[in-house]
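Please look through the sequence and the model below. The paragraphs that follow go through salt bridges, a pair of helices and a surface patch.

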Amino acid sequence: MISVPLPLFLTGLSAIFGALVLTRAWLPGAAKTFLALLAALIMVETLLVALRFAYEVEGVLVIQRLLPFWIGPLLYLGYMALSDRAARLQPASLLHLGAAAVLTAIVAALPPIRVALDAMIGASYAIYALLLLRLWRGGPDRLSQLGLAHVGFMRRMMLMGAGLLGLTLVMDTLIALDFARNDGANVGRLLSFASLLLIAMLAAATVISLRRSTSPPPSGAARSEDAALTERAEAYLEESRLFVDPQLSLTRLARRLGVTDRALSEAINRSRDKNVSQFINGFRVAEAARLLRDTGDAVGAVGEAAGFLTRSNFYTEFNRVMGQSPGAYRKAQRT
């Protein structure tokens with residue numbers, strides 16, 4: 001009978017995960033790129049683990065010890081591309097991927113010091129697990145680049161990603177301690193246990209991604225209440241022009257209306273099929289369109305006057321709502 005090492009099952013599941021990512025039409029291109037690269041990286045890493053520990057191919061050690069530095073950054077950037085921080089994705093990519101490249105170069109250039117290497121990898125897993133949890137704690141409205149129907153699913157996947165990083169950190173620590181105390185006598189059992197846990201988590205993620213989650217539609221009374229609250233929010237924003245403040249938040253708007261954050265967020269979600277960030281940015285885009293038509297102000301100044309915090313966020317949201325750039329819109333209006 002042919003014996004298949006458990007890490008190879010992880011390789012196969014990672015391939016399935018990568019295929020699912022690439023076929024999700026609702027995922028933005030940047031997020032799809034980062035998550036697909038992550039799937040490919042995990043495929044290579046698990047294959048190298050199988051070759052090293054199951055078939056005793058020690059030559060792969062040089063590459064295998066370099067790859068973990070890239071797992072956390074790719075996972076975090078994939079979710080950042082879905083969030084309200086997507087406008088800052090380019091400098092964030094340079095920072096996080098640059099840090100991974102520096103650590104990779106250091107480890108490749110210096111003689112292997114197992115304790116230092118394990119500590120650096122563990123720190124990377126811990127930092128990115130915390131960053132993911134911080135993004136997750138921001139609530140559904142943080143994932144402003146997703147359609148409302150997919151926000152809940154991707155938040156579950158984000159939490160699972162943080163869990164995977166945490167699990168990998170714990171298992172790597174146990175393996176490092178076993179090498180230090182027992183010269184690696186229990187590494188095989190630890191790897192098998194870790195592989196089974198990771199297989200279960202990846203299999204669950206795959207099953208969840210293939211299922212279409214549905215929720216019961218709200219009652220007629222609930223729909224009426226949602227519409228009334230959303231209309232109140234629209235009227236208040238139009239009258240107060242609070243949307244031109246780039247620091248406007250869900251909490252601040254909810255307090256002005258005398259309701260809870262959750263009540264306002266859910267009302268907008270259900271009645272307008274968009275999150276609060278998209279709802280507020282709709283007013284900002286409308287204001288920017290008016291300024292582009294009626295004034296000769298520079299495009300950057302128009303975005304700032306309409307309430308956008310950065311030029312890149314202004315361009316992204318204007319394109320999403322209007323289907324063209326601010327400059328192209330102004331030119332079309334004038335011709």
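Arg290 has a relative accessible area of 33%, so Arg290 is partly exposed. This value, like the others here, is computed from a predicted model. Arg290 forms a salt bridge with Glu287, and the closest N and O atoms of the pair are 2.8 Å apart. The two residues are three places apart in helix H12, which runs over residues 276–294, so about one helical turn separates them. Is Glu287 buried or exposed? Glu287 counts as buried, because its relative accessibility is 7% and the cut-off for buried is under 20%.

The structure holds eight salt bridges, and the one between Arg320 and Glu317 can be described in a similar way. The side chains of Arg320 and Glu317 meet with an N to O distance of 2.7 Å. Both residues belong to helix H14, residues 311–322, where they are three residues apart, about one turn of the helix. Arg320 has a relative accessible area of 38% and is therefore partly exposed. Glu317 has a relative accessible area of 2%, so Glu317 is buried.

A further salt bridge joins Glu266 and Arg262, with 2.8 Å between the closest N and O atoms. Both of these residues lie in helix H11, residues 261–272. They are four residues apart, again about one turn of the helix. Which class of exposure does Arg262 fall into? Arg262 counts as exposed because its relative accessibility is 61%, and exposed means over 50%. Glu266, with a relative accessible area of 27%, is partly exposed. The pair also belongs to a network of salt bridges, in which Asp226, Arg262, Glu266 and Arg270 are linked.

The next topic is the packing of helices. Two packed helices are described by the angle between their axes and the distance between the axes. Helix H4, residues 68–80, packs with H5 at an angle of about 175°, and the two axes are 9 Å apart. How are H4 and H5 oriented relative to each other? They are roughly antiparallel, because angles over 145 degrees are counted that way. On the H4 side, the residues that meet H5 include Phe69, Trp70, Leu74 and Leu77. On the H5 side, the residues that meet H4 include Leu89, Ala92, His96 and Val107.

Helix H5 covers residues 89–109, and Val102 has its place there. Val102 counts as partly exposed because its relative accessibility is 48%. Which residues form a nonpolar patch on the surface with Val102? They are Ile106 and Leu110, and the three residues together have about 260 Å² of accessible area.

The last stop is Ala305, in helix H13, residues 299–306. With a relative accessibility of 42%, Ala305 counts as partly exposed, because partly exposed lies between the cut-offs of 20% and 50%. Which residues does Ala305 contact, apart from its neighbours within four places in sequence? Ala305 is in contact with Val244 and Leu291. Pro246 is 59 residues away from Ala305 along the chain, and the C-alpha atoms of Pro246 and Ala305 are separated by 9.3 Å.

Terms used
Residues numbered from 1 in each chain as written. Predicted model: local features only at pLDDT ≥ 70, side-chain atom pairs only at ≥ 80, totals over all residues. Heavy atoms only, no water. Buried < 20%, exposed > 50% of the residue type's maximum accessible area, 1.4 Å probe, protein only. Contact = heavy atoms within 4.5 Å. Salt bridge = Lys/Arg side-chain N within 4 Å of Asp/Glu carboxyl O. Patch = residues over 30% accessible without salt bridge, like charges linked within 9 Å, V, L, I, M, F, W, Y side chains within 5 Å. Areas by Shrake-Rupley, 256 points an atom, 1.4 Å probe, with all protein chains shown as cover. Axes fitted to C-alpha atoms, helices over the stretch in contact; angles between N-to-C directions. Parallel < 35°, antiparallel > 145°, perpendicular 65-115°, else oblique.
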